[in-house]
Amino acid sequence: MRKARLGQMYLRLTAVYGPQQWWPAATSFEVIVGAYLTQNTSWKGVERSIQNLAAHGSLTIDGVRGLPDEELRQLIRPSGFMVRKAAALKAFVTLLDREYRGSLSQLAAEQPETARVKLLALPGVGPETADAILLYALGHPAMVVDEYLRRIVTRHRLLPAKATYSEIQALAIDALNESYPEGDRNAIVQHYNEFHALVVMVGKTHCGPTPKCDGCPLAEFLPISGPFLK
Ligand code: SF4
């Protein structure tokens, strides 16, 4: 029942907001830089960092590889945690160089499960960042779970407040199951892409730390009270 409910919520968001055309980036590497920089900060700061890197001619694998650490930190300063994030970006490029000849295409050709394990072993990469890279930069069917989705599924009593990343991910995967023909990988990627983008849209607009349910497209799905759905 909760799977069907989340599926209906996805349809409602699609109808209200329309195609989101994510990720907002010109290249796969820019997606990856954005996925790293967006942690614990607003997207505005990420945009300024990305603009700095682009203006410096460094928004490429070669560019990041060639930047001295301190210079990279200063360029990404607007997105915060610059020491940690600069080191994490450098570590990603080092992995790429060491195991994939510095090629994102070669990383994309890796088995997604293996690529996910390798990404998760890097500094600064948790499940959300790994899945965002797999989905939006490498084109794999990886379901991204973020704080907005956590709020939505717990506030709508689809899962308890302490649900794990994997539990939320499994529910979202199940909920979208009927949105695409079985085994159609491109369609799965497309729906996962849209789903996460729509969750961010409704989250930014309505489902922040304090929910603004009035006028939210998902308000009609709110349970008044009662147990969690099964
Ligand atoms: S703002 Fe309210 S109605 Fe909208 S998604 Fe959050 S909890 Fe649901």
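Between domain 1 and domain 2 of this predicted model, about 720 Å² of area is buried, and carbon and sulfur atoms give 64% of that area. Val 144, Tyr 165 and Asn 193 stand out here: together they supply 53% of the area that domain 1 buries against domain 2, more than any other three residues. If you are looking for salt bridges across the interface of domain 1 and domain 2, the rule finds 0.

Here are the two partners side by side, with their bounds from the domain assignment.

| Domain | Residue bounds | Residues in the contact |
|---|---|---|
| domain 1 | 2-21 + 143-221 | 11 residues |
| domain 2 | 28-137 | 7 residues |

The C-alpha centres of domain 1 and domain 2 lie 26 Å apart.

Now for a single residue, Thr 129, which sits in helix α9, a helix that covers residues 127-137. Is Thr 129 buried or exposed? Its relative accessibility is 7%, and because buried means under 20%, Thr 129 counts as buried. Once neighbours within four places in sequence are set aside, Thr 129 is in contact with Ala 35, Gln 39 and Gly 124.

Finally, the ligand. Which residues are around the ligand? They are Ile 152, Arg 155, His 156, His 206, Cys 207, Pro 211, Lys 212, Cys 213, Cys 216, Leu 218, Ala 219 and Leu 222. By class, this shell around the ligand divides into 8 nonpolar, 2 polar and 2 charged residues.

Definitions and conventions. Residues are numbered from 1 along each chain as its sequence is written. This is a predicted model: local features need pLDDT of at least 70, side-chain atom pairs count only at pLDDT 80 or more; totals for chains, interfaces and linings use all residues. Side-chain values use heavy atoms; hydrogens and water are left out. Helices (H or I, at least four residues) and strands (E, at least two) are DSSP runs, numbered from the N terminus. Buried means under 20% relative accessible area, exposed over 50%, partly exposed in between (1.4 Å probe, protein chains only). Contact means heavy atoms within 4.5 Å. A residue is near a molecule or strand if one of its heavy atoms lies within 4 Å of it. Ala, Val, Leu, Ile, Met, Phe, Trp, Tyr, Cys and Pro count as nonpolar, Asp, Glu, Lys and Arg as charged, and the others, Gly among them, as polar. Domain bounds come from an automatic or database domain assignment. Buried area is the accessible area (1.4 Å probe) that two parts lose on being put together, summed over both. A salt bridge is a side-chain nitrogen of Lys or Arg within 4 Å of a carboxyl oxygen of Asp or Glu.
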